[in-house]
Amino acid sequence: MGGSESTDYDVLIVGGGPAGLSAALNLGRALMRVLVIDADRPRNAATLRSHGFLTRDGIPPQELRRLAREELSAYPDVEVRRRTRVTSLRPSDGGFAAEIGRREAETTVTARAVLLATGLRETLPEVPNLRGYYGMSLFSCAACDAWELRSRRLALIGEAPDIAERARLIGRLTENLTVFTHGADVVTAEEEVELAAAGIALRREPIVELVGDRGQIESIRLADGTTVAIDGGFVRPEWHSTLSFLEGIAPATDDAGHLRIDRSGRTDVPGLYAAGDAAAPGPQQLIVAAGAGARVAAVMVHDSIGVATAH
């Protein structure tokens, strides 16, 4: 890790979700001076309940974050600043300097190492009144929410090329699934045959309206006048990285914009690490992100004193 001992913090963590908070806990327990910057705008803000986290199945995501921050308050070397953000991050004297806060009241802090746990930003398909159902009866994560919708009439709405693959995964939980591409040409003829063989219907027409009441969707009306009754379903958003604050730092990324890291969470920039959705496409579950944060924290402690790690 290296760098000057006169820095304000040993580690700056950008992002106050499960990955960042889990890393902060483990770093704090290793007597590292840690600052967590949390913009407090989580991607799952619309989600009422999150599933798949052992001992916390069904917990509201915001409650999980609150409990984590409460636990961190027991560690005097860990500081969490909420409702603020990093506006720039740049190399500085063997470490990093970050401008944090709001434009009218920014401050500069320095750290020997930085953990990027910023997650991703999502863009939903431009379907009329989709937001009125998102997080209540339409969801983005099948691993998180499909069990509650099992055996019901489901929709999968999306305009991405992997929509057929996602349909086959969701089709395991219901015999009544319809894929809606909202006019996008993203399902090949071969994929359509495969979906039909699995009992999955495909509607390519643009969606005119989602119909329901108080967040509970009941049907989808299409441009040809057809109405398809459903009880719930899933949306395939587009996901984007949130790393525009990096200045003079250009870590390697893949074609999708995710940070490239080694198996221990290191980027190709010395002292810069990443954990969670920004670096590891895959199951977007809270427990997976928390585990990644804990793993990277252990690596950062080892790297700080030049000890080889098996992590």
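**Exercise 1. A salt bridge between H2 and E2**

The side chains of Arg 65 and Asp 38 meet in a salt bridge, N to O 3.1 Å. State which elements hold the two residues, and whether the residues are buried or exposed.

*Solution.* Start with the term: a salt bridge is a side-chain nitrogen of Lys or Arg within 4 Å of a carboxyl oxygen of Asp or Glu. Next, place the residues: Arg 65 lies in helix H2 and Asp 38 in strand E2 (residues 34-38), so the pair ties together parts that are 27 residues apart in sequence. Helices (H or I, at least four residues) and strands (E, at least two) are DSSP runs, numbered from the N terminus. Last, both Arg 65 and Asp 38 are buried; buried means under 20% relative accessible area, exposed over 50%, and partly exposed in between (1.4 Å probe, protein chains only).

The model is predicted: local features need pLDDT of at least 70, side-chain atom pairs count only at pLDDT 80 or more, and totals for chains, interfaces and linings use all residues. Residues are numbered from 1 along each chain as its sequence is written, and side-chain values use heavy atoms, with hydrogens and water left out.

**Exercise 2. Two further salt bridges**

Find how far apart in sequence the partners are in the pairs Arg 66 with Glu 63 and Asp 303 with Arg 266.

*Solution.* For Arg 66 and Glu 63, the closest N and O atoms are 2.8 Å apart. Both residues are in helix H2, three residues apart, which means a separation of about one helical turn. Arg 66 is partly exposed at 34% relative accessible area, and Glu 63 is partly exposed at 28%.

For Asp 303 and Arg 266, the closest N and O atoms are 2.9 Å apart. Here the pair links distant parts of the chain, 37 residues apart: Asp 303 is in helix H6, and Arg 266 is in the loop between strand E16 (238-241) and E17. Asp 303 counts as buried at 16% relative accessibility, while Arg 266 is partly exposed at 25%.

To finish, Asp 38, Asp 40, Arg 65, Arg 69, Arg 82 and Arg 83 are joined into one network by salt bridges that share partners. The whole structure has 22 salt bridges.

**Exercise 3. Helix H6**

What does helix H6 (residues 286-304) span from its first C-alpha to its last, and which elements do its buried residues pack against?

*Solution.* H6 has 19 residues and reaches 27 Å, close to the 27 Å expected at 1.5 Å a residue; the expected span is 1.5 Å times one less than the number of residues. Its buried residues include Leu 286, Val 296, Met 300 and Asp 303. They pack against strand E1 (9-14), helix H1 (18-29), helix H2 (61-72), strand E6 (105-116) and strand E17 (272-274). After H6 comes Gly 306, with a positive phi near 70 degrees.

**Exercise 4. The five-stranded sheet**

In what order do the strands of the open sheet stand, and which strands stand at the edges?

*Solution.* The order is E8-E15-E9-E10-E11, with parallel pairing. E8 and strand E11 (200-203) stand at the edges, each with a single partner strand, so one side of each has no neighbour in the sheet. Two strands pair if DSSP finds at least two bridges between them. E8 and strand E15 (residues 232-236) pair over two bridges, and Leu 138 stands opposite Gly 233 in E15.

Technical notes: Contact means heavy atoms within 4.5 Å.
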